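Here is a set of exercises to work through with the sequence and the structure side by side. Try each task before reading the solution under it.

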Amino acid sequence: MSDTASISQQMEAIARSLLGEPNPKLSSDHELRFGKRGSMSVDLAKAAWFDHERGVGGGVLDLIKDQTGVNGRDWIERHGSEIKRTRPAPRKANGKAAPLGKKVATYPYRDEAGALLFEVVRYEPKDFRPRRPDPDKPGKWIWSIKDVRQVPYRLPELKQQISLNHTVVVVEGEKDADALWSIGTPATCNAGGAGNWTTPLNAFFHGADIIIIPDHDPQTRNPKTGAPMFHSDGRPVLPGQDHAQAVARQLAGVAARVRILDLAKFWPEMPPKADISDWLALGHSRAELHALIDQAVDYQIPHVAVSTKTDADAGAPLLDNDPVDLWGNFEPPSLPRGLLPEPIENYAFAQAETMGVDPGGVAMAALAVCAAAIPDNIKLVMKRYTQEWTESARLWVGLVGLPSTKKSPIISATIKPLARLDAELLRKFLLEWSLYEQMEKEARKKASRPVQKRLRLEDTTIEGAQEVLAGSPNGVLLVQDELSGFFGSMDKYSGHRGGAKDRGFWLQSYNGGPYALNRVGRGAGIIPNLSVSLLGGVQPDVIRRLSSESYDDGFLQRMLLIMMRPADLGKDVSMPSVSKDYARLIERLTELRLQVSGSSNDDGDGVLRFDNLAQELRSKLEAEHLKLMQIEAINRKLAAHIGKYDGLFGRLCVTFHCIEHAHDSFIPEFVTEDTAKRVASFMRQFLLPHATAFYSGVLKLADDHDRLAAIAGYILARRSERITNRDIQRGDRTMRKLTRHDTESAFEQLEALGWVTKTPGPRLTDPSHWNVNPIVHEKFAARAVDERARREATVMLMRGLSG
């Protein structure tokens, strides 16, 4: 039987897995109808579906693609072994649904407050059915959990145990989790068993110590042929073990520690399909289990390449042996919930709904405004035993998108409270200056010259900014509606002096600190603290051109560049409370210099510190950022941006900490582990994926992207299994120009991207050859067809031109 026929036979199980339970009143033996009106039809005889509301349909693989957005065959490989957990009810000979077996257990899934979200009901013979309370019929159930929020099993207890820094075990099913709780070991799982861990679950495990214990599943066999099944990279398909690896990969950048405990290593006679419950049933104790846990080693993400897949919780590119799509784009994530300070999250989502814009853009613009409002004399000491490294709340944010993303309206809305406060300061200064100008000459000599203190700058020159910053030691927000003009002015304004001096001034403003002035005709002076937060917008094509034309001094890498999603229709709804709360927050933040407790001096300078657990997290992040910078072999600009993350972590911690205590009578001296965890997760889940999308999409994935794409296309077109420097010389014009050094460099980048692996030559002086990852020919088969067609067309064209 063909593979296609085998897949078609799974239509009913797959449809129920993706769509939930069908409408029993509208369904028949040969056709399932889903939805209250039955608008989604699944023809079991034809293995076809049709959505009557949208006018679309297709076969099994099309249904998977439509519902999940991923390739159908890939989805079946990951979830096929678990479809049985949501398989259709057995049918009698007359086609009517046969009764289920005996109900043996009900596993409730509750939210943080303990409210029931859904249940998983277990039957014998072994079967599982999810259900949720029917909101319209108390006491009744809807036998589907489609679109229901997914949470880990026993979430309320889980949160408490994580807060106490207790180790948490992740297992495959609820029975195993309950068995572990019965011996006093915190445990959890996801609904649906192996292969069904979803990204939203990651957020619940921030900073946790995780042990994953897989079931001892045998290798999956083809249900028709009985042949053992393998992954596309040659690994055997082992559902339990594969699930453990998948969960570990997802949590590696989120949890404080992740380990996998393979019981089979300590239980040689472990039967196939046995699990932790079976091990405990033999009489093993909690002490024995924790002795094994102590022997488990830390999980390491397989290091071969940076994949195009992103983890939404941690938000970073995953290291994988899956070759990267050199022609694809990285999709930045939407704004996650539960990480930002509550006033900012509430404002971002409410404002975005009203304006019809991306909440991520609103949130980042609001954070930039808050950072500018927080006085610079509130500093966070980054290390425990040295005082030299401090960070203040100072952020540079750029919104990247087409005009339709409404960047300018977002900026205008978020800066409004700060602009109002700044206008009051400007009016006060102008009044004082007017009175100063009206003084008699002798009186003016004795009087102090009015100082211009500001919170905001917009259209300004270097000289104008210097004048304002000299009287604004707590920093200002530089607002640039179009960053293109700001970048361009560095090269065009005051051409006799050159743009380097302008760039140096603004680069210094990112770091803060004293700045010496030496101005012709006006003498020397000093700006006590040259501190500027930056907020602006720019179009993708413009920033791409500016990046290629400007000197690479790290200016761009200091910015948090957010890829904006297209705008939608806004809503005419009232949001006075949220707007007022945000405005009051900005006003309170400007006053914090007088409210800092703990270490402070007479000038109100506040010294914040990490608590012990937060300091430990900072040290771990520093090591993680160093590892991430290994991407320098592929993309130097992205690596340089990641190199700013140690300091950025501190700046965001100051910002979050001050926002969350702005209305307290004083600001606590210590930044807590909870704040540090949320900042780390926000960076990993949101900021880093957006940076990856920018540096690999708006710019290009690799520094030599065109060259790498040409070699990759050559590999696909020739179906190469092995490639050498000499092969490159036979390629297209782009490839033939490469020197040996250029070729080696290109191959090293392709190796980092998962396309090839290096094999040294027989002698030290011989060039290496490179073995092609066989997955590329499977994953990019469609691209290979295009590449061969393009090359053949080029050959035919050249033949035609030559007569």
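The exercises below go from the whole chain to single sheets, helices and side chains.

**Exercise 1. The whole chain**

Task: Find how many helices and strands the chain has, and what percentage of its residues count as buried.

Solution: Keep in mind from the start that this is a predicted model. Step one is the element count, which gives 28 helices and 29 strands. Step two is burial: 49% of the 803 residues count as buried. Step three looks at contacts with a sequence separation of 6 or more; 65% of these join residues 24 or more positions apart.

**Exercise 2. A hairpin**

Task: Look at β1 and work out which residues make up its covered face and which its uncovered one.

Solution: Start with β1 itself, residues 31–34, where Leu32 and Phe34 are on the covered face, while Glu31 and Arg33 are on the uncovered one. Next, find the partner: β2 (residues 40–43) pairs with β1 in the antiparallel sense over four bridges. Within that pairing, Arg33 sits opposite Ser41. Last, check the link: five residues separate the two strands of this hairpin, and Gly35 in the turn has a positive phi of about 95°.

**Exercise 3. The antiparallel sheet and its helix**

Task: Give the strand order of the open sheet that contains β5, then say which of its strands α6 touches.

Solution: Walk across the sheet and you get β5-β6-β7-β8, four strands with antiparallel pairing. At the edges you find β5 (102–110) and β8 (141–142), each pairing on one side only. Zoom in on β8 and you'll see two bridges to β7 (residues 127–133), with Arg132 facing Ile142. Now bring in the helix: α6 packs on this sheet against β5, β6 (116–124) and β7, at about 75° to the direction of β5. How many of the eight residues of α6 are buried? Six are, so to speak, under cover: Glu174, Asp176, Ala177, Ala179, Leu180 and Trp181.

**Exercise 4. The parallel sheet**

Task: Work out why one side of β18 and of β23 is left without a neighbour in the sheet.

Solution: First write down the order, β18-β19-β22-β17-β23, an open sheet of five strands with parallel pairing. β18 (456–457) and β23 (560–563) are at the edges with a single partner strand each, so one side of each has no neighbour in the sheet. For β18, the partner to inspect is β19 (residues 476–480), joined through two bridges in the parallel sense; Arg456 is opposite Leu477 there. Then add α11 (residues 359–373), which lies across β17 (396–400), β19, β22 (532–538) and β23, at about 155° to β22.

**Exercise 5. Two helices crossing**

Task: Describe how α19 and α21 pack: what is the angle, and how far apart are the axes?

Solution: Take the geometry first. α19 (residues 612–628) meets α21 (residues 645–660) at about 145°, with 9 Å between the axes, and the crossing is right-handed. Then list the residues: Arg618, Leu621, Glu622 and His625 come from α19, and Tyr645, Asp646 and Phe649 from α21. Sorted by class, the contact has three nonpolar, one polar and three charged residues.

**Exercise 6. Around Leu251**

Task: Decide whether Leu251 is buried or exposed, and pick out the residues it touches.

Solution: Locate Leu251 in α7 (residues 239–251). Its relative accessible area is 0%, and the cut-off for buried is under 20%, so Leu251 is buried. Leaving aside residues up to four places away in sequence, Leu251 touches Trp197, Asn202, Phe205, Ile210 and Val258. For a sense of the fold here, compare Leu251 with Leu201: they are 50 residues apart in sequence, yet 9.3 Å apart C-alpha to C-alpha.

**Exercise 7. Aromatic pairs**

Task: Classify the pair formed by Trp197 and Phe205.

Solution: The structure holds 15 aromatic pairs. In this one the centres are 5.6 Å apart and the planes make 40°, which is tilted. Trp197 counts as buried at 10% relative accessibility, and Phe205 does at 0%. For contrast, Phe694 and Tyr695 pair edge-to-face, with 4.9 Å between centres and 85° between planes; both are buried. To finish, find the cluster in which ring pairs link Tyr107, Tyr109, Phe118 and Tyr153.

How values were computed: Residues are numbered from 1 along each chain as its sequence is written. This is a predicted model: local features need pLDDT of at least 70, side-chain atom pairs count only at pLDDT 80 or more; totals for chains, interfaces and linings use all residues. Side-chain values use heavy atoms; hydrogens and water are left out. Two strands pair if DSSP finds at least two bridges between them. Contact means heavy atoms within 4.5 Å. Axes are lines fitted to C-alpha atoms, for helices over the stretch in contact, and angles run from 0 to 180 degrees between N-to-C directions. A crossing is left-handed if the near helix is turned anticlockwise from the far one by less than a right angle, and right-handed if clockwise. Ala, Val, Leu, Ile, Met, Phe, Trp, Tyr, Cys and Pro count as nonpolar, Asp, Glu, Lys and Arg as charged, and the others, Gly among them, as polar. Buried means under 20% relative accessible area, exposed over 50%, partly exposed in between (1.4 Å probe, protein chains only). Rings of Phe, Tyr and Trp (its six-membered ring) pair if their centres lie within 6.5 Å; planes under 30 degrees apart count as stacked, over 60 as edge-to-face and the rest as tilted.
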